[in-house]
Structure formats: structure tokens, C-alpha cells
Amino acid sequence: LSQVSQLSATASVSKPLNRSIALQTCAVASVEHHNLIDGKAIAATVRSEIRDEVEKLKIATGKVPGLAVVLVGTRKDSETYVRSKKKACEEAGIMSFGTDLPEDVSEDELLKVVKAYNDDPA
């Protein structure tokens, strides 16, 4: 948009009105030729492709990828984020696991939970 402003300002100096309008029309026309993308549709396609790949992996190995989340505390925004990741996993055919811990959990207890997930062969 700043280029459009510069072009129309430059054009105004040479020919006051007609040139400015012509350049603005050209800039708008070039904007109209840009492709708009539909992020939700692209995301759905990507999830579908991932689901297909996960299914192939399951058939070939008997295993599927998984996401483990350890949530410490009760922040609403974090809980919402984790729910959205679990939903995305479900849509993609990926397993999801979760452990909720209190805000005052000790570092040792937290590390035990993380280690348990890391040691789990599933």
C-alpha cells in the first residue's frame, strides 16, 4: 500500500488528476490478481494427508505417533491450547496423552512424569 501512495504522489506532480487515478487503478488491479488462500481448507487438507500417512504407518508397523502433554497449573489459555492440540491429534489419527499437575509440583515429580512418557515404548 505504501508503494501505491508513493506512485500516486509521484503521478500527481506530473499530471494532477488523471495520471494519479490511472496509477491507483493499476495498483488495485494488480492486487486483485493476487491469489487468496483459504487457511482452514489448507489445514484440513494437511490433516487429511497426515491422517493417511499415519494410517499407512499403523498398517506397516502396528504403531502410530503420539503427543504427550504435561500441563502444570491451571491457566485457562494453556488448557484451551492443549485441548486444541488433542483435537488436532484426533483429527490426524495421532494418539494423545496428558498429565495435569498442580502448580506447586516439585521438579522431581515433574521429571518423573516426563521420564515415564519417554520410557513408554507405546
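Helices and strands here are DSSP runs, numbered from the N terminus. With that in hand, the predicted model reads along its sequence as α-α-α-β-α-β-α, which adds up to five helices and two strands.

The two strands sit on either side of a helix in that order. Strand β1 covers residues 66–72 and strand β2 covers residues 95–101, and the pair runs parallel, held in register by seven bridges. As one example of who faces whom, Leu71 stands opposite Asp100 in β2. Helix α4, spanning residues 76–92, joins with β1 and β2 to give a β-α-β unit, and its hand is right.

Turning to the chain as a whole, 12% of its 122 residues count as buried. The accessible surface comes to about 9,700 Å², and carbon and sulfur atoms account for 58% of that. As for how the chain meets itself, take the contacts between residues at least 6 apart in sequence: 61% of them join residues at least 24 apart.

Part of the surface is a nonpolar patch made up of Ile37, Ile42, Val46 and Ile50, which together offer about 350 Å² of accessible area. One of these residues, Val46, belongs to helix α3, which takes in residues 39–61. Val46 has a relative accessible area of 39%, so it counts as partly exposed. Patch members need over 30% relative accessible area, and Val46, at 39%, clears that cut-off.

How values were computed: Residues are numbered from 1 along each chain as its sequence is written. This is a predicted model: local features need pLDDT of at least 70, side-chain atom pairs count only at pLDDT 80 or more; totals for chains, interfaces and linings use all residues. Side-chain values use heavy atoms; hydrogens and water are left out. Patches are made of residues with over 30% relative accessible area and no salt bridge: like charges are joined within 9 Å, nonpolar side chains (Val, Leu, Ile, Met, Phe, Trp, Tyr) within 5 Å. Accessible areas come from the Shrake-Rupley method with a 1.4 Å probe; for residues, only the protein chains shown count as cover. A salt bridge is a side-chain nitrogen of Lys or Arg within 4 Å of a carboxyl oxygen of Asp or Glu. Helices (H or I, at least four residues) and strands (E, at least two) are DSSP runs, numbered from the N terminus. Buried means under 20% relative accessible area, exposed over 50%, partly exposed in between (1.4 Å probe, protein chains only). Contact means heavy atoms within 4.5 Å. Two strands pair if DSSP finds at least two bridges between them. A crossover is right-handed if, with the strands pointing away from the viewer, the path from the first strand over the helix to the second runs clockwise.
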